[in-house]
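Got your viewer open? Let's take a short walk through this one, one selection at a time.

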Amino acid sequence: MSVSNIVRGTVTATRNETRSAALFERARGVIPGGVNSPVRAMRAIGRDPLFIERGEGAELIDVDGNRYLDYVCSWGALVAGHAHPDVLAAIARAAAGGTSFGAPTPGEVALAEEVGRRMPVAQMLRMTSSGTEAAMTAIRIARAHTGRERIVKFAGAYHGHSDGLLAVAGSGLATAGIPASPGVPAAVAAETAVVAWNDPEALVEVTSGARVAAIIAEPLPANMGLVPAAEGFLEFVRARADECGAVLIFDEVISGFRVARGGASERTGVTPDLLVLGKIIGGGLPAAAVAGPPELLELLAPVGETYQAGTLSGNPLAVAAALATLELLDDAAYATLEQRTAALAAGLREAAGELPVSVAWAPGLLTVFFSMRPPRDLLGAQRCDAAAYGAWCRELLARGVYPPPSQFEAWFPSLAHGPAEIERTVAAAADAFAAIRR
Ligand SMILES: Cc1ncc(COP(=O)(O)O)c(C=O)c1O
């Protein structure tokens, strides 16, 4: 069946969304677009956002009382699902002793040590409140270390919204079709070269003769949908960084602690010079980190002169949530996450039947692409039928499944998504595929 037969713009089942609609109306008057982060607006799937009241395990409950199996899970931060009792207890214990001190605490030392045990390159880490800050800091360290300014990133990768990293970015920029954000100084943008993912020749061309401070990559890119490295490409990037004396930064904000104990670096066997961590490292609270060896991390003040700071960095509640979350992430948890993601990916592909749909997956994340074959790069992702994806997502929401509302994002099943939840998801997905075929 061809996607041209797919009905767009209508939903065959509906739910009561009266309270969400009223809140959205109010929100649009006081918050740009009614949301505090663009993709949440759900514009890319042609509908308005739902306002959430609470989360329980694998489910979200909206303000109208509708329940959804949640595959956004706070964009990957909630690997244990919503309101996990151990995580809540750790946060409550920490909160009872005060919410922030702006001074060192024992918990942040324990967290840095635990990250180091999982990720050997993380001999040291410096915490920030967001992945954006952590990626920005990694770039600053690389520039301070090399004395160079130029950075190389890959098209479709997203490393947060700092000026130098917005060029041809994935996530919300790909969703909204924004190649270069207004407000970024031309001089800053000029220091960022963008290379197609999985294109070794293009990487050689851009790095030849250029004084490159850093090559930054998502080792398992998930912000143009999930588009893994082709065989040997990550090794090639590693070797190229060494040849041109650039710092190799792996942004594992999504893949870190998700695809394996030691993240994508462990799964691929390719080790970066610096790591950017986020999402799971905050256990659902705002925290992120830049990590690496002392010769790079100790460029930061107060040891070195490279400046970086944060009022709430290493926040004790976030640190407690992180430690409780990492405690849950043992070998058995990773085996479960892998097996369940495999089952979900296979079930979704089967539910699509003869539709031109492919599913890319890795443990704990997947993307349902509306194309015959999973894309290899951003251009491939942009060729997917995003309108059909949107129509399918609207049908899913009407059937109690909350997918990422963009073709350029990943689904994040959590440890709370058991066999029963996966079965319900696949059944709803089959109905939703049938509805868009009509
Ligand atoms: C790979 C990657 N890096 C960095 C970021 C930015 O993190 P934050 O949203 O915490 O600033 C994100 C956010 O989704 C991400 O996916």
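One term before we start: a polar contact here is a pair of N or O atoms within 3.5 Å. Keep in mind, too, that you're looking at a predicted model.

**Stop one: the ligand.** Select the ligand and Thr132. A polar side-chain atom of Thr132 sits 2.6 Å from a ligand oxygen atom. Next, add Asn223, where a polar side-chain atom is 3.0 Å from an oxygen atom of the ligand. Now pick Asp251: here the partner is a nitrogen atom of the ligand, 2.6 Å from a polar side-chain atom of Asp251. How much of the ligand does the protein bury? On its own the ligand exposes 380 Å², and the protein buries 82% of that.

**Stop two: the shell around it.** Widen your selection to the residues around the ligand, including Ser130, Gly131, Tyr158, His159, Gly160 and Glu218. Val253, Ile254 and Lys279 are also among them. Colour the shell by class and you should get 3 nonpolar, 6 polar and 3 charged residues.

**Stop three: the second largest pocket.** This pocket has a volume of about 630 Å³. Which residues are closest to its centre? Select Glu108, Leu125, Arg126, Met127 and Ser313, out of the 30 residues in the lining. Then show α3 (106-118) and β4 (124-128) as cartoon, since you'll want to see two elements that each supply at least two lining residues. Colour the lining by class to finish: 16 nonpolar, 10 polar and 4 charged residues.

Technical notes:
Residues numbered from 1 in each chain as written. Predicted model: local features only at pLDDT ≥ 70, side-chain atom pairs only at ≥ 80, totals over all residues. Heavy atoms only, no water. 1 Å grid on protein atoms, 1.4 Å probe; cavity = no way out; pocket = protein on both sides within 12 Å on 5 of 7 lines; lining within 4 Å. Points joined across faces, edges and corners; volume = space filled by probe spheres on them. Helix = DSSP H or I, 4+ residues; strand = E, 2+ residues; numbered from the N terminus. Nonpolar A, V, L, I, M, F, W, Y, C, P; charged D, E, K, R; others polar. Near = heavy atom within 4 Å. Polar contact = N/O pair within 3.5 Å; in protein donor to acceptor, adjacent residues only side chain to side chain. Areas by Shrake-Rupley, 256 points an atom, 1.4 Å probe, with all protein chains shown as cover.
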